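Hi,

Here is the structure I said I would hand over. Have a look at it first, then read my notes below.

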Amino acid sequence: KEGQGQFAKLLLDGCDADTAAAAFAAVAADGADAEVHIEELSLLRKSKGDINDFAISGLLKIGSAHLSTESSESSGIYISARNLSLEEVMNCTSTSSCTFYANATATRSAAFLCPLGTGAVDFQALHDFGCLACKPGDTQVLNVTRRPCSQCPEGAFKCLA
C-alpha cells in the first residue's frame, strides 16, 4: 500500500532488542522485499549488547541520520538491509562505531562523520561499511571526520586509535 514504510522523521530513543531481533525490522507480508524510506533518522541505543538495530528484507533508504549510543561499552550501531541507499550525512560521532551491511547493493552519496578511533570504510557487497573501528596498527585521531584509518607512524612507541 502506498505510504507504508515511509517516514519523514523517525526517532528511536532506547528501542533495544534481544540478540535474535532488531529494534526496527521490516519484512513484506507477501514474500516480496520490504521497502522503508526515512528522510531523517535519529537513533539512540541505550543497551551495551551486540545487536542489530535495523533489519530490512528489501530496500532501506535513509536521507540523513544521527546515530548515538549511551554507553561507551556499546558495540556501536548496526544497520542491515538487502539494499541500502544513503543520501545525506550519516552522523556517527556519538557512537563507538556505526556499521552498515547490504547483501546486494548500496548507493551512497552520503558522507560518514566518524568518531575518534574509527575510520570511514566504503561499501563492498557482503562486507560491513560505515565508521568502523581501526585495526591494530592503524589509527584515526580526529573526531568528526570523513577520513579512513591510517597506518600508525613508523617507530611510534604507542599508537592510540
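**What I found**

The chain has 12 strands and zero helices (both are DSSP runs numbered from the N terminus, with at least two residues of E for a strand and at least four of H or I for a helix). So the pattern along the sequence is simply β-β-β-β-β-β-β-β-β-β-β-β.

Before you go further: this is a predicted model, where local features need pLDDT of at least 70 and side-chain atom pairs count only at pLDDT 80 or more, while totals for chains, interfaces and linings use all residues. Residues are numbered from 1 along each chain as its sequence is written, and side-chain values use heavy atoms, with hydrogens and water left out.

**The chain as a whole**

Of the 161 residues in the chain, 42% are buried (under 20% relative accessible area with a 1.4 Å probe and protein chains only; exposed is over 50%, and partly exposed is in between). The chain exposes about 8,800 Å² (by the Shrake-Rupley method with a 1.4 Å probe), and carbon and sulfur atoms supply 50% of that. Among contacts (heavy atoms within 4.5 Å) with a separation of 6 or more, 55% are between residues 24 or more positions apart.

**Arg 45 and Lys 46**

Start with Arg 45, which sits in strand β3 (residues 35-45). Is Arg 45 buried or exposed? Arg 45 is buried, because its relative accessible area is 0%. Its side chain makes a polar contact with the side chain of Asp 53, at 2.7 Å. (A polar contact is a pair of N or O atoms within 3.5 Å; within protein, one must be able to donate a hydrogen and the other to accept it, and residues adjacent in sequence count only if both atoms are side-chain atoms.) Asp 13 is 32 residues away from Arg 45 along the chain, yet their C-alpha atoms are separated by 6.6 Å.

Lys 46 belongs to the loop between β3 and β4 (52-69). Lys 46 counts as partly exposed, because its relative accessibility is 39%. From Lys 46 to Ser 68 there are 22 residues in sequence and 8.8 Å in space, C-alpha to C-alpha.

**Two asparagines**

Asn 83 is in strand β5 (residues 77-86), and Asn 91 is in strand β6 (residues 90-94). Asn 83 counts as buried because its relative accessibility is 17%. Asn 91 counts as buried too, at 17% relative accessibility. What do they touch, leaving aside residues up to four places away in sequence? Asn 83 is in contact with Gly 58, Leu 59, Leu 60, Ala 104 and Thr 105. For Asn 91, the contacts outside its neighbours within four places are Ala 65, His 66, Leu 67 and Leu 113.

**Cys 92 and Gly 130**

Cys 92 is also found in strand β6, and at 0% relative accessibility Cys 92 counts as buried. Not counting residues up to four places away in sequence, Cys 92 touches Leu 67, Cys 98, Leu 113, Pro 115 and Cys 131. Phe 112 is 20 residues from Cys 92 in sequence and 7.0 Å from it in space, C-alpha to C-alpha.

Over in strand β10 you will find Gly 130, which counts as buried at 0% relative accessibility. Beyond four places in sequence, the residues touching Gly 130 are Cys 98, Phe 100, Phe 112, Gly 119, Ala 120 and Val 121.

**The second largest pocket**

Have a look at the second largest pocket too, with a volume of about 200 Å³. (On a 1 Å grid over the protein atoms alone, a pocket is an open set of points where a 1.4 Å probe fits, with protein on both sides within 12 Å along at least five of seven lines; lining residues have an atom within 4 Å of a point. The volume is the space filled by probe spheres set on the points, which are joined across faces, edges and corners.)

Its lining includes Asp 128, Lys 135, Asp 138, Pro 148 and Cys 149. The elements giving two or more residues to that lining are β9 (118-121) and β10 (129-133), and β9 gives the most, with three residues.

**One loop residue**

Finally, Val 144 lies in the loop between β11 (138-139) and β12 (150-151). Val 144 has a positive phi of about 60° although it is not a glycine.

Cheers
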